[in-house]
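Morning, everyone. I have one structure to show you today. Please take a look at it before I start.

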Amino acid sequence: KQWYQRRVRADEEGKICVLTDWMIKGCDTVTVHHWHAHKVGGMNFAPRSNALFSGGAESVLVKWLDGERQFLPRVGAGIDHVMCTQAGDTVVLVTEDTAVH
């Protein structure tokens, strides 16, 4: 299995930048994902599935995997935190109204 590390950051406009292999000089890869219209409230990787989950003020959870997006809309309030299992088969959200989903 190939070893690599990722760093993720999001800007105020909702763009998510994923920097892969950031510790290995000359091997950096940057991937930009943009769907969110506002600042991203929370995001997390599922390392075994390589999926990235993100959410924000739109109250929509977005799953990014292999260039594709899947959506879970209307979670009740804006998303502040996203946590997931290693495989990405279970995702927990904390929303602005302090609810846990």
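I will go through a sheet, a salt bridge and a pocket.

Keep in mind that this is a predicted model.

Let's begin with the sheet. It is open and has four strands. Their order is β4-β5-β6-β7, and the pairing is antiparallel. Which strands stand at the edges? They are β4, residues 40–46, and β7, residues 68–72. Each has a single partner strand, so one side of each is left without a neighbour in the sheet. On average, neighbouring strands here are turned by 20° against each other, direction ignored.

Now one pair from that sheet. Strand β5 covers residues 51–56 and pairs with β4 over six bridges, in the antiparallel sense. To find one of them, go to Val40: the bridge partner in β5 is Gly56.

Next, the salt bridge. How many does the structure hold? One. Glu13 and Lys15 form it, and their closest N and O atoms are 3.9 Å apart. The cut-off is 4 Å, so this pair counts. Is Lys15 buried or exposed? Neither: Lys15 counts as partly exposed, because its relative accessibility is 31% and that class runs between 20% and 50%.

Last, the largest pocket. The space in it is about 220 Å³. What lines it? There are 13 residues, and those nearest the centre are Val18, Thr31, His33, Phe45 and Asn50. Three elements give two or more residues to this lining: β2 (15–20), β3 (29–34) and β6 (61–65). By type, the lining has six nonpolar residues, five polar and two charged.

That's my tour. Questions, please.

Methods. Residues numbered from 1 in each chain as written. Predicted model: local features only at pLDDT ≥ 70, side-chain atom pairs only at ≥ 80, totals over all residues. Heavy atoms only, no water. 1 Å grid on protein atoms, 1.4 Å probe; cavity = no way out; pocket = protein on both sides within 12 Å on 5 of 7 lines; lining within 4 Å. Points joined across faces, edges and corners; volume = space filled by probe spheres on them. Nonpolar A, V, L, I, M, F, W, Y, C, P; charged D, E, K, R; others polar. Pairing = 2+ DSSP bridges. Axes fitted to C-alpha atoms, helices over the stretch in contact; angles between N-to-C directions. Salt bridge = Lys/Arg side-chain N within 4 Å of Asp/Glu carboxyl O. Buried < 20%, exposed > 50% of the residue type's maximum accessible area, 1.4 Å probe, protein only.
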